[in-house]
Amino acid sequence: MEAEEAKKKVVFSAVKPTGSMTLGNYAGALANWVAMQSDPSYDCFYCVADLHSITVDVPPAEFRKDTLDDLATYLALGLNPEKSVLFLQSHVSAHAELAWVLNCHTQFGEARRMTQFKEKSKRAPENVNVGLFDYPVLMAADILLYQAELVPVGQDQKQHVELARTIAQRFNNKYSPTFTVPEPIMPKVGTKLYSLQNPTAKMSKTDENPAGSVLLLDPPEEIMRKFKRAVTDSDTCVKFDRANKPGISNLLTIYSVFAGVSLAAAEKEFQGSDYAAFKQRTGEAVCAFLAPVQKEYKRLIADKAYLSQVMKDGAERARRMAYKTLSKVYRKVGFVQP
Ligand code: TRP
C-alpha cells in the first residue's frame with residue numbers, strides 16, 4: 001500500500017513552436033509547469049510539440065529556429081532537465097505511430113466537432129489539411145503514451161484533452177485497461193492574459209496587431225513601448241473589474257504575475273496612481289522579470305552542444321516510457337510481433 005501511495009502522478013504538457021512565446025504562454029502554462037516539476041508527487045514530461053506545428057505552413061529554416069528557441073526559453077524560464085523530461089516530439093517516433101492506431105479508434109464526427117478545428121479552418125480556408133483535422137488525435141497520442149494523469153493546459157485545449165479521455169476509455173473498454181485516463185487541469189483564473197491592444201482577446205503570438213502581445217524575448221525598450229501604448233479606459237482608477245475595465249484588469253494581472261504579488265496587493269499598490277505611471281511600473285516589472293531569463297536564453301542558444309545533449313537525454317528517457325505503451329498497444333490490437 002505504501003508503494004502505491006508513493007507512486008508519482010505523471011504530468012504531461014506541450015507547447016507547439018510557432019514564433020516566439022509570449023507573456024501569455026508563461027502566465028498560462030510555463031509558470032505552472034515550473035511549479036509542478038518541483039512537486040515531489042509529480043513526474044513531469046514537457047514536450048516541444050513540433051509535429052503539431054506543420055499543420056500550418058511554415059518556412060523550414062524559421063521553424064527550426066523557433067523550435068530551438070522554444071527549448072532554450074523553456075530552460076531559461078527554469079524548466080530543469082534533471083527534474084523533468086524535456087524533449088522534442090519528433091524525436092520520439094512513437095507519437096506518430098500511436099496516433100495512427102488512435103485514428104482508427106476515433107470517429108470522424110468526433111474530430112469534426114472540435115471547436116479549434118472549426119475556427120482554424122475558417123481562418124485559413126486555403127490550407128485545411130488532414131493534419132489539421134487530426135491534430136487532437138496526435139495530442140491524445142502525446143498524452144496517452146506517457147500514461148499521464150494530469151494535463152495542465154489553457155482553456156482552449158480542454159476539449160482536446162476531453163477527446164483524449166474518450167479515446168482512452170474506448171480503447172480500454174474494447175481491449176483491456178491500457179491507458180491511464182487523463183484529466184485536464186486549468187491554471188487558476190486570472191492567469192489568462194489578454195492582448196494589450198484588444199483586452200478582451202487572448203494574448204497570442206498570432207495576434208494581428210503585434211503591439212498587443214509582448215514576447216518573452218522582446219528587448220526592454222520594445223516592452224516598455226508596448227506597455228506605454230496599452231489600451232486602458234476613460235476612467236481614472238486602477239481597479240480589477242474584468243467586465244468593465246478589461247485593459248486595467250489585464251495589466252493588474254500581468255503586474256501580479258511578473259512582480260510576484262497577489263492581485264489584491266497589486267491593486268492596493270496602485271490605488272490613486274495615474275494610468276501612465278501604472279503602465280510604466282508594469283512594464284518595468286516585466287522587464288525586471290525577463291532580464292535574467294533573456295540573459296540565460298542568449299547563453300543557451302549559443303551553446304548548441306548543451307541543447308543537443310538536453311534533447312538527446314530527454315528523448316531517450318521519453319522513448320523508454322513511450323515504447324512500453326506502444327508495444328502494449330500493438331500487442332492488444334493484434335499486430336504480429338516482429
Ligand atoms: N495543442 C497544444 C497547444 O497548442 C500543444 C500540445 C500538443 C499539447 N500536444 C499536447 C498540450 C498534449 C497538452 C497535451 O497549446
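1. A polar contact here is a pair of N or O atoms within 3.5 Å; within protein, one of them must be able to donate a hydrogen and the other to accept it, and residues adjacent in sequence count only if both atoms are side-chain atoms. Q157 has one to the ligand: a polar side-chain atom sits 3.1 Å from a ligand nitrogen. Y135 places a side-chain N or O atom 2.7 Å from a ligand nitrogen, and D142 does so at 2.7 Å too.

2. Before going on: this is a predicted model, where local features need pLDDT of at least 70 and side-chain atom pairs count only at pLDDT 80 or more, while totals for chains, interfaces and linings use all residues. Numbering runs from 1 along each chain as its sequence is written, and side-chain values use heavy atoms, with hydrogens and water left out.

3. Now the rest of the pocket. The ligand is surrounded by 13 residues (a heavy atom within 4 Å), and A14 and M139 are among the closest. By type, the shell has eight nonpolar, three polar and two charged residues. Helix α8 gives the largest share, four residues.

4. What does L30 touch, leaving out residues up to four places away in sequence? Its partners are V15, M21, N25, Y74, L77 and L79, with contact meaning heavy atoms within 4.5 Å.

How values were computed. Helices (H or I, at least four residues) and strands (E, at least two) are DSSP runs, numbered from the N terminus. Ala, Val, Leu, Ile, Met, Phe, Trp, Tyr, Cys and Pro count as nonpolar, Asp, Glu, Lys and Arg as charged, and the others, Gly among them, as polar.
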